[in-house]
Amino acid sequence: MDKATSEEIEAVRDLVQRFMQNEVVPVMDGFEKRAEFPRDLVRKAGEAGLYGAVFPESVGGSNMGYLAAAVIQEEMCRIDVRFASCNNQQGSTCPSCIYFGGTPQQIRKYVPNLLAGKTIGMMSLTESGGGSDAAGNMRTFARRDGDVYRITGQKMFASIANETDVGVLFAKTDREAGTKGVTAFIVQPKKYPGWTAQPIDMMGLSSAFRTNVVYLDDFVVPVEDRLGDEGDGFKIIMRTLQPGRVGVAAKALGVARACYEDALRYASERTLRGQPIGRFQMIQSDLAEMAVAIEASRALVYKAAQMMDESLPSNRIAAIAKYHASQTAKLCADKAVQIFGGYGLAKEYRVSWYRAYADMFFTGEGSANVQKILIAEDALGYKLADRHHGKTGLRDIRKDDVLKNSEQADK
């Protein structure tokens with residue numbers, strides 16, 4: 001980063017830290033105890049600009065870019081990963097799908113309110129039998145019925161689907177066409193019938209931000225809320241997952257830093273045989289490994305984000321960053337729990353639940369094994385990771401201000 005960019009990014013970091021410490025930290029434990037979704041807090045985060053970093057000003061974004069977005073997610077997760085868990089739905093995957101594949105009218109109608117936190121978002125791709133072939137093995141089916149689609153099926157691990165106002169859901173419109181039969185839809189669960197979201201009990205994760213099974217029973221979606229043409233869903237989701245990987249990598253980096261900082265503090269305060277346990281070489285060894293891994297992950301995450309800001313081929317580096325940062329989060333969480341000893345399992349210390357989020361980020365936006373396959377096949381020349389760069393026909397958020405361009409065209 002040059003000096004000017006660095007100053008801008010550090011100003012963003014400072015803004016996030018102040019918001020989290022002043023608005024989130026004092027109240028988040030209360031929401032957790034009540035298992036209550038903090039809708040007003042999400043709106044405040046939107047008003048503070050925490051969800052719109054990569055989007056143009058015409059839709060309510062700040063146009064600061066992917067590096068700023070990565071720093072925002074890193075700091076939110078470092079301070080309270082529970083509240084940060086809705087960042088994807090508000091500022092990444094959900095509005096990005098709409099921006100990449102939607103019409104100017106769809107973008108104008110839905111994206112600004114998502115970024116502002118006025119409406120709660122969601123993106124649902126995964127199914128119980130799909131695994132890492134979520135699109136190709138999809139069973140959820142959308143049947144055209146006049147001027148609406150009727151969607152039947154079941155989705156898994158749909159974050160905050162029990163609270164969402166506007167989301168993006170993927171379903172097959174052609175069962176025999178593989179990934180080319182996948183279509184993307186804008187969904188409004190509170191407006192149309194046929195949607196049931198059932199929260200899943202997840203060990204160690206937030207009771208305020210729930211992941212869900214979604215049951216779809218002839219769920220209604222107007223044709224006007226289809227994203228792109230039938231069969232465009234796969235390229236929309238693949239285009240969205242690339243920056244999503246960097247976002248998850250940034251979250252994992254935040255978790256790693258939180259565990260490291262808590263372990264440092266505990267190692268300085270906890271005494272054994274008259275001295276802080278940080279004086280013992282085994283503890284020092286663990287802390288050193290954590291520090292090295294964090295610095296390497298930070299370099300990779302920031303590099304991937306900067307390359308996306310410059311619209312350079314970045315699928316490969318995004319996979320590397322996501323793989324390394326998720327490994328780092330697990331390493332730091334495990335070592336922090338070991339340093340805390342029995343207290344590492346006590347809920348009063350956040351390392352106990354940060355460990356669960358480290359496991360989640362290890363899988364989210366593509367498992368570690370999927371990233372390794374992508375990286376290895378690229379290295380071997382079997383399948384270049386960046387082969388589709390610039391060829392999807394979808395928009396580039398960093399270059400294409402859709403609403404501004406459409407207004408100029410209207411004139």
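Let me start with Gln106, which sits in helix H6, residues 104-115, where helices (H or I, at least four residues) and strands (E, at least two) are DSSP runs numbered from the N terminus. Before going further, I should say that this is a predicted model, in which local features need pLDDT of at least 70 and side-chain atom pairs count only at pLDDT 80 or more, while totals for chains, interfaces and linings use all residues. Residues are numbered from 1 along each chain as its sequence is written, and side-chain values use heavy atoms, with hydrogens and water left out.

Is Gln106 buried or exposed? Gln106 has a relative accessible area of 5% and therefore counts as buried, given that buried means under 20% relative accessible area, exposed over 50%, and partly exposed in between, with a 1.4 Å probe and protein chains only. Its side chain has a polar atom 2.9 Å from the backbone nitrogen of Thr103, and the side chain of Gln106 also reaches the backbone oxygen of Glu224 at 2.8 Å. Setting aside neighbours within four places in sequence, the residues in contact with Gln106 include Ile98, Ile186, Asp225 and Leu227, where contact means heavy atoms within 4.5 Å.

Ile98 brings us to the nonpolar core, by which I mean a set of buried Ala, Val, Leu, Ile, Met, Phe, Trp, Tyr and Cys residues joined through side-chain atoms within 4.5 Å. The largest such core has 104 residues, and Ile98 is among those with the most contacts inside it, as are Phe83, Phe170, Phe209, Val255 and Val301. Helix H7, residues 233-269, gives the most to this core, with 16 residues. A second, separate core of 16 residues includes Leu169, Ala171, Phe185 and Leu216.

Turning to how helices pack, H7 and helix H9, residues 315-340, meet at an angle of about 25°, with their axes 8 Å apart; axes here are lines fitted to C-alpha atoms, for helices over the stretch in contact, and angles run from 0 to 180 degrees between N-to-C directions. H7 is therefore roughly parallel to H9, since angles under 35 degrees count as roughly parallel, over 145 as roughly antiparallel, 65 to 115 as roughly perpendicular and the rest as oblique.

Finally, consider the loop between strand E4 (167-172) and strand E5 (182-187), where Glu176 is found. Glu176 counts as exposed, at 74% relative accessibility. Lys180 lies in the loop between E4 and E5 as well, and Lys180 is exposed, with a relative accessible area of 70%.

Terms used:
A polar contact is a pair of N or O atoms within 3.5 Å; within protein, one must be able to donate a hydrogen and the other to accept it, and residues adjacent in sequence count only if both atoms are side-chain atoms.
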